[in-house]
Amino acid sequence: QALRQIIRQQACNSSSPDRGTDLNLLVNKAPTCQSRTAEPTEDDDDTDRAIFLLDLAQVVRQQRRFERQLPNVQPFYAVKCNPDPHILRALDALGVNFDCASKGEMAQVLDMGVAPERIIFANPCKPISHLRAARRWGVQLMTFDNEDELDKIHVHYPEAQLVLRVLADDSSAVCRLGLKFGAPLSVVPRLLRRALELDLNLVGVSFHVGSGCTDANAFADAVHRARQVFDMATELGVCLKILDVGGGFPGADETSTNSKDVTFADIAHHLRQALQRHFGHLPDLTIMAEPGRFYAHSAVTLAVNVIARRGASGRPGEEDHVRYYVSDGVYGSFNCLLFDHASVRGLPLLRAADADHDPNHVDHDLKLHASSVWGPTCDSLDCIAREAQLPLLEVGDWLVYHDMGAYTACAASTFNGFVRPRCYYTFGADPIDAVLEMLPNTFPLHGHLMQLAAAMQGAIVATSTITGRPDAHVLVEGD
Ligand code: PLP
């Protein structure tokens, strides 16, 4: 109330026409009071806060695979997928460039000292203020897919280097982006002519086969379409020099990929062949890609704490279904269930079996129970798994989810005041071991893993062992 009063007073007194600025200043200057914030301080107890475990060695491994399989393609990491600063720094150090969707992402990457020439502003429909920022900062390369965008660029950034994004067949992708972006081939001649009329710099063609592409042929088909655009441009006297094959590369580690899923190796194979067939005659062509999921997906493991439980009484007549409430949910990292059509499976970590070392020792019932897993907020939409088969867990136990690096934290909210997971970084630690290092009194069900894996239809990750590798440990802790 006091703040509102001050704002009203200040607004009345203000001689500045820019009221927004005044209010911002005022909020910054407003007297602070000692309030309880949801963001923990050092003294706060956040023992049940969810934990991200980010393995930078996995990011490095993925880049090595990319280099090996697509040696002629320069990757531009799609920052939107996971803008974690350590992922960005690692990729920068490995010579990967960056695909930014906005002024904010460009600022983050430029602030790391990355040269503007190493960025593509790959958003075909850009706010004018972001376009102007790109101009100020010297980020020249950008995509477009419509005439209005060309008119905007003509006014606000006429020197920009333009890449025409064409529509690809994304019908097999988990997230179809063609519903929103990409020019059909039928409108390409008009767009090319308009760009020439406006005296803009046309430099290349891009496409995106959809995120989570499940059909390696989609890349081959899109490369063929791009070739048709190159031919149309040649007819108009324009010599294009960049082909951008976008993102869509699967993020799963090849070794753990379900045999039915398309692998990165399959896609790279089809892509190499198509590039040779359609662009082999252009040895000076710059070929680039915008992988996001490929780098981030398998680098992150999430551990969530069982904060509450209902329905485990086992009394006759009571519902035989256990509900677990955990410390992260659909409004947090598991937003990927809604936005990214992800499916996830939790690996239970149970308390130490040794009662001497664990005063809270509970004899775990390894029988599987019909269960459901819910996020911490008060909304019933906040459900991670409606039907899970889990051994009986206690409040305080942990569930671990692998492959949580892509399109998770970046889109998480703090709805209901629940904070995002704390992030820890490792270089090469087994994720389970690393989580265990941080969570006393837990151990994975090694003895029973195979049995559980069978019961849980192989979905449980049964491969973790305590490696004891001296180089495998938690390196950095941070928010
Ligand atoms: N490039 C653009 C323009 C995108 O919109 C996206 C994802 O939305 C990506 C690249 C990254 O895609 P992926 O994470 O599937 O590689």
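In this predicted model, arginine 227 is partly exposed, because 19 other C-beta atoms lie within 10 Å, one short of the cut-off of 20 for a buried residue. Arginine 227 belongs to helix α9, which spans residues 217–235. Outside the four places on either side in sequence, arginine 227 touches His278 and Phe279. Leucine 243 is 16 residues away from arginine 227 along the chain, and their C-alpha atoms are separated by 9.1 Å.

**The chain as a whole**

The chain has 479 residues, and 42% of them count as buried. Its secondary structure comes to 14 helices and 18 strands. Among contacts between residues at least 6 apart in sequence, 71% join residues at least 24 apart.

**The annotated lysine and the ligand**

Lys80 carries the UniProt annotation "modified residue: N6-(pyridoxal phosphate)lysine", taken from an unreviewed entry. Lysine 80 sits in the loop that runs between β2 (73–78) and α4. This lysine counts as buried because it has 20 C-beta neighbours inside 10 Å, and the cut-off for a buried residue is 20 or more. With neighbours within four places in sequence left aside, the contacts of lysine 80 are Ala101, Glu105, Gly292 and Cys410.

The ligand is surrounded by 16 residues, and the closest of these are Ala78, Ser211, Gly247, Gly292 and Arg293. By class, the shell around the ligand consists of seven nonpolar, six polar and three charged residues. Gly292 is thus named twice: as a contact of lysine 80 and among the closest residues to the ligand.

**The annotated cysteine**

A second annotation from an unreviewed UniProt entry, "active site", covers Cys378. Cysteine 378 is found in the loop between β13 (368–374) and β14 (383–391). This cysteine is exposed, because 8 other C-beta atoms lie within 10 Å and a residue with 12 or fewer is counted as exposed.

**Helices α3 and α4**

Helix α4 covers residues 85–93, and helix α3 covers residues 56–69. The two helices pack at an angle of about 35 degrees, and their axes are 10 Å apart. The crossing of α3 past α4 is right-handed. On the α3 side the contact is made by Leu56, Val59, Val60 and Gln63, which meet His86, Ile87, Ala90 and Leu91 of α4. Six of the residues in this contact are nonpolar, two are polar and none is charged.

**The loop between β15 and β16**

Strands β15 (398–401) and β16 (422–426) are joined by a loop that holds aspartate 403. Tyrosine 407 is found in the loop between β15 and β16 as well. Most residues other than glycine have a negative phi. Aspartate 403 has a positive phi, near 55 degrees. The phi of tyrosine 407 is also positive and near 55 degrees. Aspartate 403 counts as buried, because it has 24 C-beta neighbours inside 10 Å. Tyrosine 407 is buried too, because 26 other C-beta atoms lie within 10 Å of its own.

**Serine 333**

Serine 333 has its place in the loop between β11 (322–326) and α12 (336–339). With 28 other C-beta atoms within 10 Å, serine 333 is buried. Not counting residues up to four places away in sequence, serine 333 touches Leu302, Asp328, Met404, Thr408, Ala409, Ala412 and Pro421. Glycine 178 is 155 residues from serine 333 in sequence, and the two are 25 Å apart in space, C-alpha to C-alpha.

**Asparagine 146**

Asparagine 146 is placed in the loop between β5 (141–144) and α7 (147–156). This asparagine is partly exposed, because 18 other C-beta atoms lie within 10 Å, fewer than the 20 that a buried residue needs. The C-alpha atoms of asparagine 146 and leucine 240 are separated by 18 Å, and the two residues lie 94 residues apart along the chain.

**Separations in sequence and in space**

The C-alpha distances given above are set out here as pairs.

| Pair | Apart along the chain | C-alpha to C-alpha |
|---|---|---|
| Arginine 227 and leucine 243 | 16 residues | 9.1 Å |
| Asparagine 146 and leucine 240 | 94 residues | 18 Å |
| Serine 333 and glycine 178 | 155 residues | 25 Å |

Conventions. Residues are numbered from 1 along each chain as its sequence is written. This is a predicted model: local features need pLDDT of at least 70, side-chain atom pairs count only at pLDDT 80 or more; totals for chains, interfaces and linings use all residues. Axes are lines fitted to C-alpha atoms, for helices over the stretch in contact, and angles run from 0 to 180 degrees between N-to-C directions. Helices (H or I, at least four residues) and strands (E, at least two) are DSSP runs, numbered from the N terminus. A crossing is left-handed if the near helix is turned anticlockwise from the far one by less than a right angle, and right-handed if clockwise. Two residues are in contact if their C-beta atoms, placed from the backbone, lie within 7 Å. Ala, Val, Leu, Ile, Met, Phe, Trp, Tyr, Cys and Pro count as nonpolar, Asp, Glu, Lys and Arg as charged, and the others, Gly among them, as polar. UniProt positions are given in the numbering used here, feature names are shortened, and annotations may be inferred rather than shown by experiment. A residue is near a molecule or strand if its C-beta atom, placed from the backbone, lies within 6 Å of it.
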